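Colleague: Got a minute to walk me through this one? I'd like to start with what the burial words mean, then go through the cysteines and a few other spots.

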Amino acid sequence: MLNIKTVLCLAAVLVAVMAEPEPQHYPNTFFPPPTSYPKPEYPERAPAYPKPSYPTPAPAYPKPTYPTTPAYPKPAYPTTPAYPKPAYPTTPAYPKPAYPPPAYPKPAYPSPVPTYYPKPSYPQPAYPAPYNQKYESEYCDSRKAPKCSKNGTLTFCLEDSEYPEKEVKYAIDYDPIILKKYADVAEQSADNLVDGLTSLAEKHFDYSDYHGNTFEKGNWVGGEGYICPSDVLYARPVRAINAEGEWRVIVQEMAWPGYTQTQRTETCLFPGSSCRTLAPCYQSKCLQKYVYQRMLSFDPCDPQKGIFIDIYKLPSACSCHISA
C-alpha cells in the first residue's frame, strides 16, 4: 500500500501538468510576409485617330497688269547763243631804249695757277753707251738679287753703288703728281716710337755677352736691353725686294734732294734662340716679326712705269714666344 506522502506527491505532479499553459506563436514583426496585390486592369489603348485632311490652298491670283507710264518727249530747250569773243586792242610794243654801254675797261684778272706740273723742257739725258750696256745686262731681271744684297742674303739694301740715280731723277721730273704720292717722317727714334724709352738708352744696349744659349753665363748677366736681342735701325733703304719677290729701287734723297723715306727696322740677332733672362723650363724662343710698308719705287727693268707705290715686307720686331 502506498503511503499518504507518496500519494500527495503524485497529486501535485498531476496538478502541475494539467496547469502548464499551451505554447503560443507570435507573428514576425520584422519581416512581414509578402502581400500579393491584385494586378491592375489597365484600359485598352485608345484607337489611332485618322490624319486630318486639310483643304487645298487657295488658288494663285493672277498678277494685275498695270498700264505702263507713257514716255513723255524730252523738251527741246533753246541752245545758248554763242557770243562773239571781244577783240581787245593789243598793247602797243614800245621800242626798247638803246642805252650806250659803259665805257669801263674789262679788268685783267691773273690767270689761275695750273693744277698740273708742266713737263720740263730739257731733253732726255743721253747716257754713254757703256753705262747703258751695263744697265741692261745687270738689271733686266727683276728677280735677280743685286750685288748690294750680298748674294741674296738680305731683303733690302741701305747702300748701293749701282743705284740708278739719273734714271730715277728723270722719272721724278716727268711725274706731275709726285708730291701727292710722297709722305715721310724724317725724324724717327725711340723718343717718339717706343714708350718709356729714350733714343740714347736704346743706342747703348749691349748684347756682347749673349750668344743665344740658355745654359751659358751670358744668358743671365748683362745690362739693360730687350729680352730678345735685336738690331734696331731707323734706316732709309735704297733697294728692297717687294711682296711679290721682285727687286725695286727706292726713291731716296740721292735722286730727289730733300726727300727721304725712313723706316724703323728691328732684326733678331739670334732668331730661334732662347729668350734672355728666362729659365730653360719655359722653353722660350725669339721669333722675328715683319710688317708691310709702302714706299715710292722705281722699276729698273721697266723705266716707262715711272714712279709708283710698291709694298715691301720689312722686319719690325723680335718677340719672345713661350710654347705651351
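Modeller: Sure. Buried means under 20% relative accessible area, exposed means over 50%, and partly exposed is in between. Keep in mind that this is a predicted model.

Colleague: OK, try it on Leu 287: buried, exposed or partly exposed?

Modeller: Leu 287 has 36% relative accessibility, so it counts as partly exposed. You'll find Leu 287 in strand S6.

Colleague: And what does Leu 287 touch, leaving out residues up to four places away in sequence?

Modeller: Leu 287 touches Cys 268, Ala 317, Cys 318, Ser 319 and His 321. As for Ala 317, the C-alpha atoms of Leu 287 and Ala 317 are 8.4 Å apart in space, with their positions 30 residues apart in sequence.

Colleague: Cysteines next. How many disulfides does the structure hold?

Modeller: There are four disulfides. Counting bonded cysteines along the chain, the pattern is 1-2, 3-6, 4-7, 5-8.

Colleague: Let's take Cys 148 and Cys 157. How far apart are their sulfur atoms?

Modeller: The sulfur atoms of Cys 148 and Cys 157 are 2.2 Å apart, and the two form a disulfide. That link is right-handed, with 80 degrees about the S-S bond.

Colleague: Are those two buried or exposed?

Modeller: Cys 148 is at 15% relative accessibility, so it counts as buried. Cys 157 is at 2%, so it counts as buried too.

Colleague: Next pair: what does Cys 228 bond to?

Modeller: Cys 228 is joined to Cys 286 by a disulfide, S to S 2.2 Å. The torsion about that S-S bond is about -95 degrees, so the disulfide of Cys 228 and Cys 286 is left-handed. The pair links distant parts of the chain, 58 residues apart: Cys 228 is in the loop between helix H6 (199-203) and strand S2 (230-235), while Cys 286 is in strand S6 (residues 284-298). Both Cys 228 and Cys 286 are buried.

Colleague: What about Cys 275?

Modeller: A disulfide joins Cys 275 to Cys 320, at 2.0 Å S to S. Here the torsion about the S-S bond is about 110 degrees, so the disulfide is right-handed. This pair also links distant parts of the chain, 45 residues apart, with Cys 275 in the loop between strand S5 (263-268) and S6, and Cys 320 in strand S7 (residues 307-322).

Colleague: And their accessibility: buried, exposed or partly exposed?

Modeller: Cys 275 has a relative accessible area of 0%, so it is buried. Cys 320 has 28%, so Cys 320 is partly exposed.

Colleague: While we're on cysteines, what about Cys 281 and Cys 301: buried, exposed or partly exposed?

Modeller: Cys 281 is exposed, because its relative accessible area is 64%. Cys 301 is at 29% relative accessibility, so it counts as partly exposed.

Colleague: Changing topic. Where is Asp 310 found?

Modeller: Asp 310 is in strand S7. Its relative accessible area is 13%, so Asp 310 is buried.

Colleague: Which side chains does the Asp 310 side chain make polar contacts with?

Modeller: One is the side chain of Asn 242, at 3.1 Å. Another is the side chain of Arg 248, at 3.3 Å. Leaving out residues up to four places away in sequence, Asp 310 touches Asn 242, Arg 248, Gln 293, Arg 294, Met 295 and Ser 297.

Colleague: Now pockets. What volume does the second largest pocket have?

Modeller: The second largest pocket has a volume of about 370 Å³. It is lined by 18 residues, and the closest to its centre are Thr 153, Leu 154, Thr 155, Phe 156 and Thr 267. The elements that give two or more residues to that lining are strand S1 (156-157), S2, S5 and S6.

Colleague: Which element gives the most to that lining?

Modeller: S5 does, with three residues. By class, the lining of the second largest pocket has 10 nonpolar, five polar and three charged residues.

Colleague: Last one: where does Asp 173 sit?

Modeller: Asp 173 is in helix H3 (residues 165-173). Asp 173 has 38% relative accessibility, so it counts as partly exposed. Asp 173 and Ile 307 are 134 residues apart in sequence and 10.0 Å apart in space, C-alpha to C-alpha.

Methods
Residues numbered from 1 in each chain as written. Predicted model: local features only at pLDDT ≥ 70, side-chain atom pairs only at ≥ 80, totals over all residues. Heavy atoms only, no water. Disulfide = S-S within 2.5 Å. Buried < 20%, exposed > 50% of the residue type's maximum accessible area, 1.4 Å probe, protein only. Helix = DSSP H or I, 4+ residues; strand = E, 2+ residues; numbered from the N terminus. Polar contact = N/O pair within 3.5 Å; in protein donor to acceptor, adjacent residues only side chain to side chain. Contact = heavy atoms within 4.5 Å. 1 Å grid on protein atoms, 1.4 Å probe; cavity = no way out; pocket = protein on both sides within 12 Å on 5 of 7 lines; lining within 4 Å. Points joined across faces, edges and corners; volume = space filled by probe spheres on them. Nonpolar A, V, L, I, M, F, W, Y, C, P; charged D, E, K, R; others polar.
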